[in-house]
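The following exercises concern a single protein chain. Please study the sequence and the structure, attempt each task, and then read the solution.

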Amino acid sequence: MNQLNQNNSMAVTDILASSCQYPAAAITADGSLHICWQELKNGHDTVRAAVAGKGNIGAAVQLSKEGEALKPVCAAEGNRVWYAWGECSTGQWSINYRYYENGDYGPVMCAETGEALFYPYLYVRDEHVYL
């Protein structure tokens with residue numbers, strides 16, 4: 001890793017404790033950095049998120065429910081951050097989503113159920129969030 005990356009990077013997860021992949025990040029209007037990732041621990045995939053501050057990262061929160069959760073994404077709209085991911089529970093795939101605002105995570109909501117719903121995408125345009 002070059003010097004620039006070392007000076008501007010923070011460790012988010014512990015590779016010896018869990019396998020993490022598919023990181024995503026969004027910056028809110030107030031400048032807060034929000035991150036999410038897929039974490040494999042004890043043979044189970046979950047989606048986790050945290051808020052990064054000046055040189056540190058807050059406690060990680062599990063965003064997903066109890067199914068196998070894959071490929072999270074996030075997008076900021078004002079000071080609200082939206083998260084989405086694919087999740088398989090009891091043999092049924094779904095695209096789930098929730099938001100973070102004012103220090104709280106909203107409830108997990110389902111946008112769609114069906115076969116092979118793995119890769120959601122979020123984007124913001126004209127103060128509207130699209131999934």
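Two strands are said to pair if DSSP finds at least two bridges between them. Strands (E, at least two residues) and helices (H or I, at least four) are DSSP runs, numbered from the N terminus. The structure is a predicted model, in which local features need pLDDT of at least 70, side-chain atom pairs count only at pLDDT 80 or more, and totals for chains, interfaces and linings use all residues. Residues are numbered from 1 along each chain as its sequence is written, and side-chain values use heavy atoms, with hydrogens and water left out.

**Exercise 1.** Determine the order of the strands in the open sheet of 4 strands, and examine how E1 and E2 pair.

*Solution.*
Step 1. The order is E1-E2-E3-E4, and the pairing is antiparallel.
Step 2. E1 and strand E4 (61–62) are the edge strands, each pairing on one side only.
Step 3. Between E1 and strand E2 (residues 33–41) there are 7 bridges in the antiparallel sense. Gln21 stands opposite Gln38 in E2, and Ile27 has Leu33 of E2 as its bridge partner.
Step 4. E1 and E2 form a hairpin with 5 residues between them, and Gly31 in the turn has a positive phi of about 90 degrees.

**Exercise 2.** Describe the surroundings of Ser32: is this residue buried, exposed or partly exposed?

*Solution.*
Step 1. Ser32 lies in the loop between E1 and E2.
Step 2. Buried means under 20% relative accessible area and exposed over 50%, with partly exposed in between (1.4 Å probe, protein chains only). Ser32 counts as partly exposed because its relative accessibility is 21%.
Step 3. Leaving aside neighbours within four places in sequence, Ser32 is in contact (heavy atoms within 4.5 Å) with Ala26 and Ile27.
Step 4. The C-alpha atoms of Ser32 and Gly53 are separated by 7.0 Å, although these residues are 21 residues apart along the chain.

**Exercise 3.** Identify which strands supply at least two residues each to the largest nonpolar core.

*Solution.*
Step 1. A nonpolar core is a set of buried Ala, Val, Leu, Ile, Met, Phe, Trp, Tyr and Cys residues joined through side-chain atoms within 4.5 Å.
Step 2. The largest such core has 12 residues, among them Ala24, Cys36, Val47, Cys74 and Tyr83.
Step 3. Strand E1 (19–27), strand E3 (44–52), strand E5 (68–77) and strand E6 (80–89) each supply at least two of its residues. The largest share, 3 residues, comes from E6.
Step 4. A second, separate core of 5 residues includes Ala75, Trp82, Ala84 and Leu122.
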